[in-house]
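Trainee: Got a minute? I'd like to go through this structure with you.

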Amino acid sequence: MSKLFSPFRLAGQEFPNRIVAAPMCQYSADDGSANEWHLQNLMTLGMSGAGLVMVEATAVERIGRITHGCLGLYSDNNVAALDRVLKAARRVSPAGTKWGIQIAHSGRKGSEQRPWEGGAALKAGEDPWETISASALPFGDWHTPREATAGDLARIRDAFVAAAARAVALGFEVIELHCAHGYLLHEFLSPLSNQRTDDYGGSPENRMRFPMEVARAVREAVPDGLVFGARITGTDWHDEGIDLEEAAIFAAALKATGLDYICVSGGGVVPGLKIPVEAGYQVPYAAGIKERTGIATRAVGMIADPHQAEEIIASGQADMVALARGLIDNPRWPWHAAEALGAEMTVPPQYLRGHAPNWPGAKLARPGAGR
Ligand SMILES: Cc1cc2nc3c(=O)[nH]c(=O)nc-3n(C[C@H](O)[C@H](O)[C@H](O)COP(=O)(O)O)c2cc1C
């Protein structure tokens, strides 16, 4: 019996399997509103059979976007556009698929060009905006942010709550706080980006203060039966940054606040890091957080082989695995993983004739076949 394809319960929700489509920015929205690109993207990911599909980092306020193309939940138009897309994606995905959304604020990593337009700081004439962060320190040669004031912090905390309430009203089963990859909440957590001298800087407890204020406020807005989690950094991949022990302190505080799971990622808080990007490179951090805190974890990062994914779940290193690029490469990855692991997978009846058990050509189509 495959563990990857075993169901999993969190809060009041049951996930049909442990495969998660990781949040992936598409940089394709219109002032935060989803459009046809998101429609095809989320319909495709929904049909993949992943037990949970996470919608990309979604800005809680307009200046919390990374680029002009980032998704948002800061306006009624954003809500209406996402409602249409989510309803369509649910219609084509297997019964039991759960939908989650990652709510985020870009902080000093905002006001950027889309990656394919250069990925540099927006220039005058490209409608740049003033960014804010824990401290007035730029990320590389991007915009120098303004140090967030008490007023900014209260507004942003409330914006997280409002976005979470909108996500709940849209029917998402999972709400995830983005506390990783060098965006605003991570900028407060890491000593590499937070050099404040007030109650929000200095000791780990102080650096965690704002993310914890946000987590507590959002917890109030997410009903108990829904799943509330966070993506955090397991390591900053830097000697003076967050390490696993400090990450575990944050994870334990989130658990005590009533969060249901932690997705463990890393990096992104300062440029030029040397990250050993190899198979499953962040899995030990997910395992470390699970071991130290007992909270359910999701592992992510270079998980692409079905047997590798099965081993991560079977060995108890994590409770869920998320794939990003592997699902861009092959949105039918869960079907193929089921085939490799001898598990059953529900496929849409319209596509049954091309499903491996029914299609002799499947053997020819697999890499290496016929050679
Ligand atoms: C196109 C793309 C967009 C991404 N956008 C997000 C995002 O919105 N939020 C996030 O936390 N991570 C984002 N990531 C990171 C992925 O979720 C994932 O952690 C990372 O790609 C490593 O997993 P992989 O090896 O399976 O791709 C993105 C990655 C890609 C490739």
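Mentor: We'll take the pockets, then the cavities, then one helix and one glycine.

Mentor: This is a predicted model, where local features need pLDDT of at least 70, side-chain atom pairs count only at pLDDT 80 or more, and totals for chains, interfaces and linings use all residues. Residues are numbered from 1 along each chain as its sequence is written, and side-chain values use heavy atoms, with hydrogens and water left out.

Trainee: What volume does the largest pocket have?

Mentor: About 980 Å³. A pocket here is an open set of points on a 1 Å grid over the protein atoms alone, with protein on both sides within 12 Å along at least five of seven lines. Grid points are joined across faces, edges and corners, and the volume is the space filled by probe spheres set on them.

Trainee: Which lining residues are closest to its centre?

Mentor: Pro23, His181, Arg231, Ala324 and Arg325, out of 44 that line the largest pocket. Lining means having an atom within 4 Å of a point.

Trainee: Which element gives the most to that lining?

Mentor: α9, with three residues. β4 (52-59), β10 (261-266) and β12 (320-323) each supply at least two. Helices (H or I, at least four residues) and strands (E, at least two) are DSSP runs, numbered from the N terminus.

Trainee: How do the lining residues of the largest pocket divide?

Mentor: Into 23 nonpolar, 14 polar and seven charged. Ala, Val, Leu, Ile, Met, Phe, Trp, Tyr, Cys and Pro count as nonpolar, Asp, Glu, Lys and Arg as charged, and the others, Gly among them, as polar.

Trainee: And the second largest pocket, what lines it?

Mentor: Phe5, Pro16, Asn17, Gly49, Pro94, Ala95, Thr97, Glu344, Met345 and Thr346. Its volume is about 170 Å³. The lining has five nonpolar residues, four polar and one charged.

Trainee: Switching to closed spaces. How many cavities of 30 Å³ or more are there?

Mentor: Three. A cavity is a set of grid points where a 1.4 Å probe fits but cannot get out. The largest cavity has a volume of about 70 Å³.

Trainee: Which residues line the largest cavity?

Mentor: Cys179, Leu189, Arg207, Met208, Ile232, Thr233, Ile242, Glu246, Ala247 and Phe250. The elements giving two or more of them are α5 (204-221), β9 (227-235) and α6 (244-256). α6 gives the most, with three. By class, that lining has seven nonpolar, one polar and two charged residues.

Trainee: What about the second largest cavity, which residues lie nearest its centre?

Mentor: Ala57, Ala59, Gly64, Ile66 and Ala104, among 13 lining residues. Its volume is about 60 Å³. β4 gives the most to this lining, with three residues.

Trainee: New topic: α3. How far does it reach?

Mentor: 30 Å from first C-alpha to last, over 21 residues (150-170). That is close to the 30 Å expected at 1.5 Å a residue, taken as 1.5 Å times one less than the number of residues.

Trainee: Which α3 residues are buried?

Mentor: Asp152, Leu153, Ile156, Ala159, Phe160, Ala163, Ala164, Ala167 and Leu170. Buried means under 20% relative accessible area, exposed over 50%, partly exposed in between (1.4 Å probe, protein chains only).

Trainee: Why do they line one face of the helix?

Mentor: Because, seen down the axis of α3, they fall within an arc of 135°. The arc is that of the directions from the helix axis to the C-beta atoms. Ala150 and Ala169 are exposed on the face turned away.

Trainee: Last one. Is glycine 326 buried or exposed?

Mentor: Buried, at 17% relative accessible area. Glycine 326 is in α9 (residues 325-329). Its C-alpha is 9.0 Å from that of aspartate 305, 21 residues apart along the chain.
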